[in-house]
Amino acid sequence: MLLPAWLVSSLPGWLLAYVIVSAVVATWLAIRFRDVRKFLAGAFFVSSGMLAYFWATGTSVPIVMPFAGTVAVEPPGISGYRAIVHFLLFVNCLYFGYLNKSK
């Protein structure tokens, strides 16, 4: 678990609501509009490369939250797993954004 349970439970309600609403809106936009999927393909490509670099060089990444500062440090192994997930999301967005010609 990256973030301590006490931190997640102590976040302001407005911040949790904002995160949930923005995730729902981003998912709806990605499903509805092809250009959003094209943008996400590029974003996931860059983030997967960056995370793979952190994993390969053994660089730990601090997790910084607003109003709390540095709350945790992500070890390089987790960056490697996240790089794999982001690369799979890149392939998914690449296919549905560029290669698949939907009706």
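These are my notebook entries on what I looked up in this predicted model.

**Ground rules**

I number residues from 1 along each chain as its sequence is written, and I leave hydrogens and water out, since side-chain values use heavy atoms. As this is a predicted model, local features need pLDDT of at least 70 and side-chain atom pairs count only at pLDDT 80 or more, while totals for chains, interfaces and linings use all residues.

**Confidence**

I looked up pLDDT, the predictor's confidence in each residue on a scale from 0 to 100, and found a chain mean of 84, with 87% of the residues at 70 or more. Among the elements, helix α1 (residues 5–10) has the lowest mean, 64, and α3 the highest, 94. I keep in mind that where pLDDT is low, the predicted coordinates should not be read in detail.

**Elements of the chain**

I took helices (H or I, at least four residues) and strands (E, at least two) as DSSP runs numbered from the N terminus. The chain comes to four helices and two strands, and their order from the N terminus is α-α-α-β-β-α.

I then turned to burial, where buried means under 20% relative accessible area, exposed over 50%, and partly exposed in between, with a 1.4 Å probe and protein chains only. Of the 103 residues in the chain, 21% are buried. For the surface I used accessible areas from the Shrake-Rupley method with a 1.4 Å probe, where for residues only the protein chains shown count as cover; the chain exposes about 7,300 Å², and carbon and sulfur atoms supply 74% of that area.

For contacts, meaning heavy atoms within 4.5 Å, I noted that among those between residues at least 6 apart in sequence, 58% join residues at least 24 apart.

**Helix α3**

I compared the length of α3 (residues 34–57) with its expected span, which is 1.5 Å times one less than its number of residues. The 24 residues of α3 should span 34 Å, and its end C-alpha atoms are 35 Å apart, which agrees. The buried residues in α3 are Arg-37, Ala-41, Phe-44, Ser-47, Ser-48 and Leu-51, and what covers them includes α2 (13–32), β2 (69–74) and α4 (76–99). Just after α3, Gly-58 takes a positive phi of about 70°.

From the α2 side I looked up Thr-27, which lies in that helix and is partly exposed at 47% relative accessibility. Thr-27 and Arg-37 are 10 residues apart in sequence, with 9.9 Å between their C-alpha atoms.

**Strand β1 and Pro-62**

Pro-62 has its place in strand β1 (residues 61–65), and I recorded it as partly exposed because its relative accessible area is 47%. Setting aside neighbours within four places in sequence, Pro-62 is in contact with Thr-70, Ala-72 and Val-73. The C-alpha atoms of Pro-62 and Ala-72 are 6.0 Å apart, although 10 residues separate the two along the chain.

**Helix α4**

The 24 residues of α4 should likewise span 34 Å, and here the end C-alpha atoms are 33 Å apart, which agrees. I listed the buried residues of α4 as Ser-79, Gly-80, Ala-83, His-86, Phe-90, Cys-93 and Gly-97, and these pack against α3, β1 and β2.

Gly-77 is also found in α4, but it is partly exposed, with a relative accessible area of 37%. Its C-alpha atom is 9.0 Å from that of Ser-60, the two residues being 17 apart in sequence.

Tyr-81, another residue of α4, counts as exposed because its relative accessibility is 61%. I found Tyr-81 and Ser-48 to be 9.7 Å apart, C-alpha to C-alpha, and 33 residues apart in sequence.

Tyr-81 also belongs to a nonpolar surface patch with Ile-84, Phe-87, Leu-88 and Val-91, together offering about 530 Å² of accessible area. Patches are made of residues with over 30% relative accessible area and no salt bridge, like charges being joined within 9 Å and nonpolar side chains (Val, Leu, Ile, Met, Phe, Trp, Tyr) within 5 Å.

**Salt bridge**

I searched for salt bridges, each a side-chain nitrogen of Lys or Arg within 4 Å of a carboxyl oxygen of Asp or Glu, and the whole structure gave one. Glu-74 forms it with Arg-82, the closest N and O atoms being 2.9 Å apart. Glu-74 counts as buried because its relative accessibility is 1%, whereas Arg-82 is partly exposed at 33%. Side chains of opposite charge can pair when their charged atoms come close.
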